[in-house]
Amino acid sequence: IKKYNGGERYKMNKYKKLIVLLLIIVVGVILFIYPKSFKQTYKDVQVFENGKKVRTVDIKLDGKIHKAHWVWQRLKFSEELNGSITIDGEKYLLHPYDLYMFPDENGNFTDNGIYECSLNKDKNESLEDKNIYFFITHDKSTLYIIMENKEFIYPYNTDEDYQKVRERMDSWLQF
């Protein structure tokens, strides 16, 4: 007759719990670093040339949010927007800027709820050649693109909207 040994059963339960805990950690890490989809279509985006309304266009954003650098002051990872954007039929690649890399005027490291990218036609194009900047809020509600003498603004209902969006997004161009 075999004698009952509770210690062996305790060890098996301990190993099962450890395996389950490790699986949960691995799945959590994968879900944490896996890029999140960031897609949106904007209809009737207002186009300004030299400060005057000229027309509207449709813009389609097809991107993903990736974790970037660890920000000690915020105890979190910064995020970057990668992907492409189609403006009136022309496709551009997004080259993200990590806004957490530099402190604001108060010494805080923040992105103010905005993703910023430069836009280029291909991956090998030099970022310094063109002054095309793309800004979008994290909640996708506000879009601002500046391209040579053109500005693309969404949403646009009044001239006050134009000024609000422009001031919020333009503040980042100065850094």
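This is a guided tour of a predicted model, moving from the whole chain to individual residues.

**The whole chain**

Begin with the protein chain coloured by secondary structure, where two helices and eight strands can be picked out; read along the sequence, these elements follow the pattern α-β-β-β-β-β-β-β-β-α. Of the 175 residues in the chain, 33% are buried. If contacts are counted between residues at least 6 apart in sequence, 49% of them join residues at least 24 apart.

**Strand β1 and its partners**

Select next strand β1, residues 36-49, together with β2, residues 52-71; the two run antiparallel and are joined by 12 bridges. Within this pairing, V47 stands opposite R55 of β2. The two strands form a hairpin with two residues between them, and N50, in the turn, has a positive phi of about 50°.

Now add strand β8, residues 150-154, which runs antiparallel to β1 and is joined to it by four bridges. One place to look is E49, whose bridge partner in β8 is K150.

**Q46, a polar residue in β1**

Staying in strand β1, select Q46. Is this residue buried or exposed? Its relative accessibility is 11%, so Q46 counts as buried. A polar atom of the Q46 side chain lies 3.0 Å from the backbone oxygen of R55. Showing the surroundings of Q46, with its neighbours within four places in sequence left aside, brings up contacts with K53, V54, R55 and T56, and also with E151, F152, I153 and Y156.

**An aromatic pair between β1 and β5**

The structure holds three aromatic pairs, and one of them is reached by selecting F38 and Y115, whose ring centres are 5.5 Å apart and whose planes meet at 80°, so the pair is edge-to-face. The pair links distant parts of the chain, since F38 belongs to strand β1 and Y115 to strand β5 (residues 114-120), 77 residues apart. Both F38 and Y115 are buried. With F38 still displayed, add K140, whose charged end sits over the F38 ring, 4.8 Å from the ring centre.

**N120, further along β5**

Remain in strand β5 and select N120, which has a relative accessible area of 2% and is therefore buried. The side chain of N120 is joined to that of H95 by a polar contact of 3.3 Å. For another view across the fold, display S84 as well: S84 and N120 are 36 residues apart along the chain, while their C-alpha atoms are separated by 9.3 Å.

**The nonpolar cores**

Turn next to the largest nonpolar core, which has 23 residues; which of them touch the most other members? They are I59, I85, F134 and I145. The elements that contribute two or more residues to this core are β1, β2, β3 (76-87), β4 (90-97), β5, β6 (132-137) and β7 (143-147).

I145 makes a useful centre for the view: not counting residues up to four places away in sequence, I145 touches I59, I85, I87, L119, Y133 and F134, as well as K150, E151 and F152. Apart from the largest core lies another, of nine residues, and I146, I153, Y156 and V165 are among its members. To close, return to Q46, whose contacts include two members of that other core, I153 and Y156.

Terms used:
Residues are numbered from 1 along each chain as its sequence is written. This is a predicted model: local features need pLDDT of at least 70, side-chain atom pairs count only at pLDDT 80 or more; totals for chains, interfaces and linings use all residues. Side-chain values use heavy atoms; hydrogens and water are left out. Rings of Phe, Tyr and Trp (its six-membered ring) pair if their centres lie within 6.5 Å; planes under 30 degrees apart count as stacked, over 60 as edge-to-face and the rest as tilted. Buried means under 20% relative accessible area, exposed over 50%, partly exposed in between (1.4 Å probe, protein chains only). A charge sits over a ring if NZ of Lys or CZ of Arg is within 6 Å of the ring centre and within 35 degrees of the ring normal. A polar contact is a pair of N or O atoms within 3.5 Å; within protein, one must be able to donate a hydrogen and the other to accept it, and residues adjacent in sequence count only if both atoms are side-chain atoms. Contact means heavy atoms within 4.5 Å. A nonpolar core is a set of buried Ala, Val, Leu, Ile, Met, Phe, Trp, Tyr and Cys residues joined through side-chain atoms within 4.5 Å. Two strands pair if DSSP finds at least two bridges between them.
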